[in-house]
Amino acid sequence: MFPRPIQQTSPAAQTLYKVAVPVALILWLLPLLGVALTSVRPASDLAQGNYFGWPSSVAFSNYAEVFTKSPIAGYMLNSFKVTIPTVIGAVALSCMTGFALAVYRFRSNLLVFFMFVAGNFVPFQILMVPVRDLTLNLGMYNTWYGLALFHIAFQTGFCTLFMRNFIKALPFELIEAARVEGVSEWRIFWFVVLPLMRPAIAALSVLIFTFIWNDFFWATVLTTSAETQPITAGLSSLNGQWIAQWHLVSAGSILAALPPVLMFFLMQRHFIAGLTLGAVK
Amino acid sequence: QEKRTLTYNADYDPIPLAAMEALIADFEAANPDIDVVLNNFDHEGYKTAIRNFLTADAPDLANWYAGNRMAPFVNAGQFMDVSDVWEANGLSDSLASAKASMTIDGKQWGIPYTYYQWGIYYNRDAYAAAGVDLPADGMTYDQFVANCEKFAAAGIDCLTTGTKALWPGAGIFDYMSLRTNGYEWHMDLTAGKVEWTDQKVRDVFAQWARIQPFITKNHAAIDWQDAAALLVQGKAANYVMGNFAVGVFKEGGMTNDNLGFMVFPEITPGIPRAEEAPTDTIHIPAGAKNVDDAKKFLAFMASPEAQTKWNAAQGQLPVNKNASVNTEDPFLVAGFQMLSTAEGGIAQFFDRDAPAEMAKAGMEGFQEFMVKPENLDAILERLEKVRQRVYQ
Amino acid sequence: MTAFWKANQRKLAPWLFLAPGLLMFAVYVIGPIFESMWISLYDWDGLGEARWIGTANYVELFDDDAFYTSLKNNVIWLVLYMLAVPAGLLIAIFLNQTITGIRIYKSLFFFPFVISQVVVGLMFSWFYAPDFGLFYKLIEVFTGQGIAILAEDRFVTYGIIAAGLWPQIAYVMILYLTGLNNVAPDQVEAARLDGAKGWRMLWYVILPQLRPATFIAVVVTVIGALRSFDLVSIMTDGGPFGSSRVLSFYMYEQALSEYGYRMGYGAAIAVVLFAIMMVFISGFIWKMWRDETER
Amino acid sequence: MSGVTLDRVTKRFGEAQVIHGVDLTIEHGEFCVFVGPSGCGKSTLLRMVAGLEETSDGTIRIGARDVTQVDPSERGVAMVFQTYALYPHMTVAENMGFGLKMTGHPKTEIDRKVAEAARILRLDSLLARKPKALSGGQRQRVAIGRAIVRGPEVFLFDEPLSNLDAELRVEMRVEIARLHKEIGATMIYVTHDQVEAMTLADKIVVLRSGRVEQVGRPLDLYRDPDNRFVAGFIGSPSMNFLEGTVEKAGRVLVPGLASSIDTGAALPGAGAQVVAGIRPQNLRLVEGATHRVEMTEALGGVSFVHLTGPGGEKIVVEARGDVLAEGGTMTGLAFDDADALFFAADEAGRRLR
Amino acid sequence: MSGVTLDRVTKRFGEAQVIHGVDLTIEHGEFCVFVGPSGCGKSTLLRMVAGLEETSDGTIRIGARDVTQVDPSERGVAMVFQTYALYPHMTVAENMGFGLKMTGHPKTEIDRKVAEAARILRLDSLLARKPKALSGGQRQRVAIGRAIVRGPEVFLFDEPLSNLDAELRVEMRVEIARLHKEIGATMIYVTHDQVEAMTLADKIVVLRSGRVEQVGRPLDLYRDPDNRFVAGFIGSPSMNFLEGTVEKAGRVLVPGLASSIDTGAALPGAGAQVVAGIRPQNLRLVEGATHRVEMTEALGGVSFVHLTGPGGEKIVVEARGDVLAEGGTMTGLAFDDADALFFAADEAGRRLR
Ligand SMILES: Nc1ncnc2c1ncn2[C@@H]1O[C@H](COP(=O)(O)OP(=O)(O)OP(=O)(O)O)[C@@H](O)[C@H]1O
Ligand SMILES: Nc1ncnc2c1ncn2[C@@H]1O[C@H](COP(=O)(O)OP(=O)(O)OP(=O)(O)O)[C@@H](O)[C@H]1O
Ligand SMILES: [Mg+2]
Ligand SMILES: [Mg+2]
């Protein structure tokens, strides 16, 4: 283990370390703490220039105000409408593509695989104009499903990389054993491989959830109105309206950050496994 | 009874939004078979959104602006010719002052329903705090600059603005230009007929440079509302702004007693005074589904009653000459007075008079100039390059 | 039919499994890449007819100051973003202990990565805000004169990069924490017997083993740097006077923003960005290809 | 009748040819073991029989049926993998019944067959467990059970015991022998392990580099190898090989053994080089001073004495008991001439009989 | 002088105590082998000597120096790991020179020492390769080379050969024996392998559950074990254990062998239960019908005959040659009474002498 376990050092060093970690954490999260604090600061504090002191009172009313005076609830709902189908769609598609690329030897296997991988790293600006056009022509511009459809397609690249590597790491004998037993390919996928992919599916789901929830670029490109915009784009336009009302901006920010943060905390193990398995393999 | 819906995409801030909702209520009361659905957008976002919804998902009505700003949509066939509405309601007469800016190829493409003056808003308390005399009519630019030095001594920003969104800087430029070289020249400039490296352009910036040091330092980092707060708090004394800002000032706690308005001071003596008054308009997109009712709504919005009511609530000036101005509001009265005596002419605004690309480059240049006046040569050369491409 | 299926099942199966995903990907990703290259040869405002102008967009690009500003900023992004790699490593090493509650600490350190860049941008805007922002105040305390980072063309890009580094460091940290977890304990022990300690242990024994993690960290950091759009858009909108633009933002600005709508020109910028990215993508693919064929 | 017949079977991976025209007949009910050095193609050959690798050339018949192009599922074979390849998400019973379920057998029949297999393998009490909750040996039994349930004509095993520890290996080896006796199906078994090969096989096939070196009953291979490779490969410790010269017909001078050997083998002409082979078990230490003792490894019951011959030849002698010949002392060497085998001195090392 | 002395050495992992006050003296230049079942604490003890595990209690001395609290790199020990633990990114030469480089030796000296070690281990031609490009045996040699280069007083080996295949193991075993002879340093060696322990050790330490069961020379342990555990652990195949009853002083009835045995061992009173032990090598099949042959495993030179005694006792007999006793037939069993050992019938199984 590196570095040398702190337990093996002097008691003084151990104490120092135990103090240093929380202090470092507070410094690290300073922007977040500041915003969290501001989100419960009454507007009057800000007006009086009390930006950093202890809030004169805890104003959860800021949150109430955000909900009642802005369409943030609608934005969040839109985010869910885009995110959940995307998670389901991308994971479903990539289970199949990943299976195909991991299990079968065929000539263009690596080519197709690298195409997915390369597509996944493309700067998405290059897709912007054509995708916007395509969505317009399909009549799905400014709808949640237009956005979700694109996300599904684009995330399939990353998910395929992830799933393929995951399946590749499964013992291939499982598939051979099933083949010898006379199981058809689709049933091998469904009964043998899919049940084993549960951890990967969980990991990818949380990961994609966060990615899509936090997407801003495509939200601005493919949606325009409060009825369809997800929270990121919504927050950006609310920011244009809440000039100098930092308590509202903060409350809105915290609200926008909440679902992925919760997701992360609930599914932490899967989340990290997802990040690193997909990446480091 | 089945109601016909009329969708209307707009970009109102809260105050005008309330006013428009009230007007819509009136309209619906008068036309019980019509249901107006108002989609309100963030003001900045709207400018992007309109491109998309016009082609993809056109509403029946859409807000926009007069002048060059509507040309791309008209040329691309996205706005509907509404000359018939003008004809039928005699608008050529009642909206005469805006007819020119609504006309392309001899047809009218929308209905103007409001405009508002620009000028300098100031905080009387700040003047008092710095011991500076309140501005009087006929004040010259030299005097204004001299005042600025006094404000600087008192630790007050003489002139404030917030250029994070770029356009507030253009207001200052327009006045510098209109006051230095006059309306005709300014219109030539925005029409691309003058080189940006021209000496006369340099003259404009030379004048601007005189007050540049007294402009709020961090203007590039803040929005115009932030700057308004500075004025409200007395940290700044003057603000070149449109009349819509009055609402914000008052919301911040200012009253008619300490908020003042003045005409932008004279720079080159003898030039006919021109002013700036952007006009807001409503259009029918080419893809509108309910054109008949949309035209009804346009006629309604052109009516003196509607314009009176909306502008009274919003604190702006109606375009319909038969509408009345709220005489309770000293700023409107002053504005009305100022505009009606502007013998030089009335400009729309830099980003409405100049084509989009030129406007963007120009406003960036203005912002840069206000931060780094020493970069002027580079800025002008850049703008000239853009001019040559845009107007070719 | 069934006979045919039986005989060719294993040949056809992969393509059937691939079909939906491949179709979606081709329509939404692969096709558009080429379409963009095509569009970049046109003058098109997105409303009317597109006009073929050949390479004129590129010619213009090479005489466009804003393009060079964006390019320069992109390079700065790339270089400074790389700081996330050593910084993430340091934090990972700092946290790679087993004291009570360390799991919570690790996840809290990871927090910034989970948060949307929009929110991160807003947080840092608040952090940098002139007159009352914490950062502004700190500078004021130390130098007597606050600096509005986001209004200073000299500093603005660095200010945004700092905001971007925050979540990126968290990401790299997680990669390294996992990497450290997988460091072969026997090699560490062998090195301890060999007398390697501290920095020398890190340099000679640990870092070489962390190479896969480092590789991925570099890849995601490069991609993150080149894709940077959200923060620029939220924090400055490219300002002041365009000095914080990056290619990805400039492209959007030209193609879709209020004063833009030059689809062809925007596409040309995107193509340049793509070309730059392609250098890295090719490197990545090359390495993957080597790994794949080695086995 | 379900013997397996390979006829000029060939396998190429791209350019590389790894199986070179193997001919082989395995009788119905026979237990056939493939042995050979690592990489010689044992697994490949087995997988070709299973249908998991395509056959590049030649014919594979099971019983009378040509199965060369037949899908694995229809060959009537079952395979047990070194890694067990149990489906981790299914219980033991589900694992065993999976193949039948997928091929649409009714549930009652599946249950019956699974119960029967579980009885044979004494897995009854484990049927509801997941593989994770089983020991290595139990997993291996389940893997075998899965093969049994389908009632195949041919069982294929690829090093089924090599992941088990020494003790369990012995136990499972006995189990497999019992199973073969009980169900009497044809079995093909790949292993690295001398003991497994010798004790389980009816027939051992020695492979080298994709070619069959010799086929035969275990003790036949031990006693009567066809060539030097087989002689060296079968038996532990390995046979000692020493250079010799033909003195005259029926007599070979072997300097390394410090003696001449009389033999009935068909030798080449006098003066020709041959290789003499003699197993460590067949050598005895006697009084004398022809060989130097390098080292003695005493294992208790048996000792291996490492000698150097007059010309520096390395020779191992297996001695009973814990004979302690001190390193450095000189000794003599005795053996029965009949125990010596002779091989051609060339690369192929053909046995001289 | 660099023997290793352990004095009441104890190791606790949290609550669990895994080493229970071990006392042990290893002389300078001695080759000491730790054996014992998996998990008995062999590796832990070795790692405590290396300094890789802290010592909870007791003292460890190397030569005269108390090193209990000394850093691993300063104990003058070198360790060879089961996994080799080579640095994959360094060449063979760099791997071997790394320790010296870390302790700041000049480059020329490092090169000289590496060249010397490479010569001893015949690695000269591989110095520029990376570990990936080496075979298992070569890697193991590099790992040993890395240890040699540092010129330690004590070498520690933790199952260094268990990742090699059978053939290579034999070769490397000989190599290590040669090395020990050549450099004469103190060596401590952990293994699972009977043969390695018996052939390499000057002294074997048998561990069980963190306690020393017996220490002694290999053949002493084989011939004269202190208790039933050691007797069963040393020797392969394992000793047969059979229940017996003391008939009278000096005579034990062992029904499993169908005979009574005369012995000089100090037995408990008549009627008491004891356990008789006899090695498979010391049993002979003779005419008779006392035992049933279950199965014969013929390995060529030697055969193992599995018998069942009259009371169902399982007995293994090692027979020379390829004696083929058919399964199911009956046989008799003979042995020298002197080869039988006796143990107390309790848990500890103390040897009765
Ligand atoms: N898919 C493949 N592509 C190319 N070559 C292969 C492939 N599979 C096996 N080989 C080669 O075929 C030869 C035989 O391999 P095989 O696995 O049959 O050996 P084996 O006798 O089973 O060895 P082991 O005892 O190590 O399992 C080897 O040289 C191997 O490298
Ligand atoms: N870090 C540890 N924490 C807790 N218990 C441990 C630790 N390391 C070893 N043990 C326990 O100490 C005991 C001895 O382990 P050790 O590795 O020394 O056994 P061993 O004799 O080397 O076994 P093997 O032959 O399997 O290598 C085992 O019961 C093991 O579970
Ligand atoms: Mg194999
Ligand atoms: Mg161990």
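This is a working chat about a predicted model of several protein chains.

Me: Let's start with the chains, so which pair has the most contacts?
Reply: In this predicted model, eight pairs of chains touch, and among these pairs chains A and C have the most contacts.

Me: And what about chain B, how far is it from chain D?
Reply: Chain B and chain D are not joined by any contact, and their closest C-alpha atoms lie 50 Å apart. No contact joins chain B and chain E either, and there the closest C-alpha atoms lie 51 Å apart.

Me: Tell me about chain D then, how many helices and strands does it have?
Reply: Chain D has eight helices and 20 strands, and its C-alpha atoms fill a box of roughly 75 × 45 × 35 Å when the box is taken along the principal axes.

Me: What share of its residues count as buried?
Reply: Chain D has 353 residues, and 54% of them count as buried. As for what remains accessible, the chain exposes about 14500 Å², of which carbon and sulfur atoms supply 48%.

Me: What share of the contacts in chain D comes from residues that are 24 or more positions apart?
Reply: If you take the contacts in chain D with a separation of 6 or more, residues 24 or more positions apart account for 65% of them.

Me: And the charges, how far apart are their mean positions?
Reply: Chain D carries 41 positive and 46 negative charges, and the mean positions of these two groups are 5 Å apart.

Me: Let me pick one residue, where is Met102(D)?
Reply: Met102(D) is part of helix α2 of chain D, which covers residues 92-102.

Me: Why does it count as buried?
Reply: Met102(D) counts as buried because its relative accessibility is 9%, and the cut-off for buried is under 20%.

Me: Which residues does Met102(D) touch?
Reply: Setting aside residues up to four places away in sequence, Met102(D) touches Val183(A), Arg187(A) and Phe191(A).

Me: How far is Met102(D) from Gly328(D)?
Reply: Measuring along the sequence, Met102(D) and Gly328(D) are 226 residues apart, while in space they are 69 Å apart, C-alpha to C-alpha.

Me: New topic, which residues does the cis peptide bond in chain D join?
Reply: A cis peptide bond joins Ser236(D) and Pro237(D), with omega at about -5°, and Pro237(D) sits in the loop between α8 (228-233) and β11 (240-248) of chain D. In chain E, the peptide bond from Ser236(E) to Pro237(E) is cis, with omega near -5°, and Pro237(E) lies in the loop between α8 (228-233) and β11 (240-248) of that chain. For background, most peptide bonds are trans.

Me: What is the phi of Asp237(C)?
Reply: Asp237(C) has a positive phi of about 55°, although it is not a glycine. As a general point, most residues other than glycine have a negative phi.

Me: Where does Phe241(C) come in?
Reply: Phe241(C) is in the loop between α12 and α13 of chain C, and Asp237(C) is found in the loop between α12 (230-235) and α13 (247-256) of that chain. Phe241(C), which is not a glycine, also has a positive phi, of about 35°.

Me: Is Phe241(C) buried or exposed?
Reply: Phe241(C) is buried, with a relative accessible area of 7%, whereas Asp237(C) is partly exposed, with a relative accessible area of 46%.

Me: Staying in chain C, what is Ser70(C) in contact with?
Reply: Apart from neighbours within four places in sequence, Ser70(C) is in contact with Arg245(C), Val246(C), Leu247(C) and Tyr250(C). Ser70(C) lies in helix α3 (residues 65-81) of chain C and is buried, with a relative accessible area of 0%.

Me: Over to chain E, why is helix α1 largely enclosed?
Reply: Helix α1 (residues 42-50) of chain E is largely enclosed by the rest of the structure because eight of its nine residues are buried. Among the buried ones are Lys42(E), Leu45(E), Arg47(E) and Val49(E), and the helix is followed by Gly51(E), whose phi is positive, near 95°.

Me: Last one, which residues form the positive surface patch?
Reply: The positive surface patch is formed by Arg211(C), Arg290(C), Lys130(E) and Lys132(E). One of these residues, Lys130(E), is found in the loop between α3 (107-121) and α4 (136-149) of chain E, and Lys130(E) is partly exposed, with a relative accessible area of 39%.

How values were computed: Residues numbered from 1 in each chain as written. Chains lettered and ligands numbered in written order. Predicted model: local features only at pLDDT ≥ 70, side-chain atom pairs only at ≥ 80, totals over all residues. Heavy atoms only, no water. Patch = residues over 30% accessible without salt bridge, like charges linked within 9 Å, V, L, I, M, F, W, Y side chains within 5 Å. Areas by Shrake-Rupley, 256 points an atom, 1.4 Å probe, with all protein chains shown as cover. Salt bridge = Lys/Arg side-chain N within 4 Å of Asp/Glu carboxyl O. Lys, Arg positive; Asp, Glu negative; His and termini not counted. Charge placed at Lys NZ, Arg CZ, Asp CG, Glu CD. Helix = DSSP H or I, 4+ residues; strand = E, 2+ residues; numbered from the N terminus. Buried < 20%, exposed > 50% of the residue type's maximum accessible area, 1.4 Å probe, protein only. Contact = heavy atoms within 4.5 Å.
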